[in-house]
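Trainee: Could we go through this model together? I would like to learn how each label is earned.

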Amino acid sequence: LPGAGTCYQQAKRVLHAAVPDCLHARERETGIIRQFLREHVCGRQPGSLYISGAPGTGKTACVSRVLLDCKDELAGSKTIVLNCMSLSSPPGVFPAVAQQLGLPVAAGREGVRRLEKQLTSQGPMVLLVLDELDQLESKGQDVLYTLFEWPRLSGSRLVLVGLANALDLTDRSLARLGAHPAGSPRLLHFPPYTREQLTAILQERLGQVTGDPVLDAAALQFCARKVSAVSGDARKALDVCRRAVEVVELEVRSQTLLKPLPGGE
């Protein structure tokens with residue numbers, strides 16, 4: 001079957017959860033994030049944005065897409081992106097940020113104080129993006145509270161964007177912040193993808209593969225229906241389809257080895 005190998009390889013490639021050029025059904029969210037960065041980073045207004053949503057609803061992909069698209073606009077500021085999963089403990093976020101800012105790392109209260117001093121002194125705006133923010137929950141929530149407090153300090157040049165799975169992290173952990181009228185972070189929630197949206201995402205990805213469709217429309221519909229009923233997680237839908245392609249590929253391979261394929265099947 002000439003060229004078949006390549007179409008399966010291509011299909012598996014496009015079904016990987018990489019950041020696509022255009023995020024289907026997330027135009028509104030992408031627009032809000034872009035606007036927030038323009039207003040706060042480019043407009044030199046410290047502030048914070050809290051992005052919530054279940055895994056696979058496009059939070060990280062949207063933020064990554066906006067950071068890529070706005071690279072030139074953000075060139076005059078310092079951007080730090082940290083995945084909090086990589087930290088050994090919640091307070092580890094402070095030395096990690098200090099290192100990115102080129103500060104000598106100091107432990108404990110002293111380290112936090114130095115960071116505060118740095119972020120409230122003259123200089124370019126600092127955009128701090130913290131993914132998997134849920135990992136920073138700690139007893140008394142001091143770590144999260146400190147971080148969200150920073151953009152509100154006098155003379156602050158910090159813009160904080162936090163991404164988490166929990167919708168109510170700010171209610172639970174940062175209730176104290178709400179007490180300040182100007183203090184609460186801006187909230188943006190990513191709802192789970194619907195069946196229609198998942199189908200469109202899968203079709204769009206597989207539409208990039210040349211030749212006949214590797215998976216038929218009914219299979220995509222079935223996958224989208226199952227995944228949307230459980231989680232609305234686009235990564236799961238991509239995974240399921242990628243595994244399906246592998247199964248088809250193996251079947252075709254074994255058929256090709258055993259006998260010639262019937263007319264153009």
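Mentor: Gladly; we will take some labels one at a time and set the values against the cut-offs. Keep in mind that this is a predicted model.

Trainee: Let's start with Lys 59. Where is it found?

Mentor: Lys 59 sits in helix 3, which covers residues 59-69.

Trainee: What makes you say that Lys 59 has no salt bridge?

Mentor: A salt bridge needs a side-chain nitrogen of Lys or Arg within 4 Å of a carboxyl oxygen of Asp or Glu. For Lys 59, the nearest side chain of opposite charge is Asp 131, and it is 6.3 Å away. That misses the cut-off, so there is no salt bridge, although Lys 59 is buried.

Trainee: Then which backbone oxygen does the Lys 59 side chain reach?

Mentor: That of Ala 54, at 3.2 Å. A polar contact is a pair of N or O atoms within 3.5 Å, so this distance fits. Beyond four places in sequence, Lys 59 also touches several residues, including Ile 51, Leu 163, Asn 165 and Phe 190.

Trainee: Thr 57 is close by in the sequence. Why is Thr 57 called buried?

Mentor: Its relative accessible area is 0%, and buried means under 20%, so Thr 57 qualifies. Thr 57 lies in the loop between strand 1 (47-52) and helix 3. Its side chain reaches the backbone oxygen of Ala 54 too, at 2.6 Å. Setting aside neighbours within four places, the contacts of Thr 57 include Arg 26, Pro 191, Tyr 193 and Gly 232.

Trainee: How do you know that the count of disulfides is zero?

Mentor: The sulfurs of a disulfide must be within 2.5 Å of each other. Take Cys 70: the closest cysteine sulfur, in Cys 42, is 7.1 Å from its own, which is too far for a bond. By this rule the count is zero disulfides. Cys 70 is also buried, with a relative accessible area of 3%, and Cys 84 is buried at 2%.

Trainee: Why is helix 6 described as largely enclosed?

Mentor: Because six of the eight residues of helix 6 (residues 142-149) are buried, the rest of the structure largely encloses the helix. The buried ones are Val 143, Leu 144, Tyr 145, Thr 146, Leu 147 and Phe 148.

Trainee: Which residues touch the most other members of the largest nonpolar core?

Mentor: Val 93, Leu 130, Leu 133, Leu 136 and Leu 147 do, in a core of 30 residues. Among the elements that give two or more residues to this core are helix 4 (93-100), helix 5 (108-119), strand 3 (126-131) and helix 6. Helix 4 supplies the largest share, five residues. Apart from this core lies another, of 24 residues, among them Tyr 8, Leu 15, Leu 198 and Val 209.

Trainee: What does Leu 133 contact?

Mentor: Beyond its neighbours within four places, its contacts include Tyr 50, Cys 84, Leu 144, Phe 148 and Leu 169.

Trainee: Finally, what makes Arg 44 partly exposed?

Mentor: Its relative accessibility is 47%; partly exposed runs between the 20% and 50% limits, so the label fits. Arg 44 is in the loop between helix 2 (27-42) and strand 1, and has a positive phi of about 55 degrees although it is not a glycine.

Trainee: And Glu 132: what is its phi, and where is it found?

Mentor: Glu 132 has a positive phi of about 55 degrees, again without being a glycine. Glu 132 is found in the loop between strand 3 and helix 6. At 23% relative accessible area, Glu 132 is above the 20% limit for buried and therefore counts as partly exposed.

Notes
Residues numbered from 1 in each chain as written. Predicted model: local features only at pLDDT ≥ 70, side-chain atom pairs only at ≥ 80, totals over all residues. Heavy atoms only, no water. Helix = DSSP H or I, 4+ residues; strand = E, 2+ residues; numbered from the N terminus. Buried < 20%, exposed > 50% of the residue type's maximum accessible area, 1.4 Å probe, protein only. Lys, Arg positive; Asp, Glu negative; His and termini not counted. Polar contact = N/O pair within 3.5 Å; in protein donor to acceptor, adjacent residues only side chain to side chain. Contact = heavy atoms within 4.5 Å. Core = buried A, V, L, I, M, F, W, Y, C linked by side-chain atoms within 4.5 Å.
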